[in-house]
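Please prepare a short report on how the parts of this model pack against one another.

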Amino acid sequence: MNVTMSQTQILVIGRHPEILQTVVRLVNNNPSWNATGCLTDQEAIASFDKQEFALVLLGGGIEEESEDALCRYFSVNKPDIKIVQHYGGGSGLLSAEIFSAIG
Amino acid sequence: MAQTILHKAETRGHANHGWLSSYQSFSFAGYYNPDRMHFGALRVLNDDTVDAGMGFGKHPHDNMEIISIPLEGDLEHKDSMNNVAVIKNGDIQAMSAGTGIYHSEYNNDRASQVKFLQIWIYPNKRNVTPRYDQLTLNLADRHNKLQQVLSPNADDAGVWIHQDAWFHLGKFDKGIETDYNVKKAGNGVYVFVLSGEVKVNDEKLNTRDALGIWDTDQFKITALTDAEFLLIDVPMSF
């Protein structure tokens, strides 16, 4: 993985491996963005602790309790983090959601 | 007092991929306009033309209610729930992507284009079990009256989706008018003109123009010429 400092780091979490892979690929189509995809809460928290993310995209299949716990963890540890519920699954909405969130 | 927003046809986004021409009422893919993100729970209204023999390869969706309304030609749908179907003018198809689904859509006709509306509505519940529904509508039921083609209720007319949304189609002769009663408090209606000219209260709309109207219980639609239109009644907050 070739990460440059100027890229916006985006954490993508979703339970569907193929859709997660698609979302990560589509995010990375924009050279200004770099996505890290995680299937589990544990992976997501480990990545979050290791790396400076500007945005978290919550994808499909995440249980409500998990989603609440993840949001709490991210907000407590990085109050300015943007957290967006991603709809559509690697669809035409992705870029607009990211642009809207990070300005 | 009713609030309105006018979206003239020529202000829509446009993507030309050679095989696909897509006019986009709201930000989609390469078209990003922060002022055109959604109308309430209505997130996507793409007016697509697909060349003969071309189509959308297998691709995923989740957590979206996806409705297709063919206007001309036939579109073949295949999905990861083993549904294989052809939708044609007069049909409506609804798909709840929920926890995740793969599908493809192809124009298998080697000679003719397909024109269809692709409409995405935010669901009122995330991570539902994916489902697919398709219905052939009786075209006579929209002549000079409103035909309900979608609702939130499985036992109501038309297909159903996971949202408090209602769609109606109308094919009115010149001079016909009707009142539309908004289906639920807090909902707004996106009026999209498929052909001809209509007036919504005092606002004149041409082909492919749209008017969003909310904070009202009722409005009047008048056909200024022979006209066809789609009403998308959706929650403004969701």
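The report below covers the conventions, the nonpolar core, the chain interface and the domains.

## Conventions

This is a predicted model, in which local features need pLDDT of at least 70 and side-chain atom pairs count only at pLDDT 80 or more, while totals for chains, interfaces and linings use all residues. Residues are numbered from 1 along each chain as its sequence is written, and chains are lettered from A and ligands numbered from 1 in the order in which they are written.

## Nonpolar core

The largest nonpolar core (buried Ala, Val, Leu, Ile, Met, Phe, Trp, Tyr and Cys residues joined through C-beta atoms within 7 Å, buried meaning that 20 or more other C-beta atoms lie within 10 Å of a residue's own, with C-beta atoms placed from the backbone) has 86 residues, and among those touching the most other members are A:Ile10, A:Ile13 and B:Ile121. Its largest share, six residues, is supplied by strand 11 (residues 114–121) of chain B, strands being DSSP runs of E with at least two residues, numbered from the N terminus.

Beyond its neighbours within four places in sequence, A:Ile13 has contacts that include A:Cys38, A:Val56 and A:Leu70, a contact being two residues whose C-beta atoms, placed from the backbone, lie within 7 Å.

## Chain interface

Contacts between the chains involve 17 residues of chain B and 18 residues of chain A.

## Domains of chain B

The assignment, which is automatic or taken from a database, gives domain 1 (12–136) and domain 2 (139–235) in chain B. The centres of these two domains of chain B, taken over C-alpha atoms, are 20 Å apart, and their contact takes 22 residues from domain 1 and 21 residues from domain 2.

Methods
A residue is buried if 20 or more other C-beta atoms lie within 10 Å of its own, exposed if 12 or fewer, and partly exposed in between; C-beta atoms are placed from the backbone. Helices (H or I, at least four residues) and strands (E, at least two) are DSSP runs, numbered from the N terminus.
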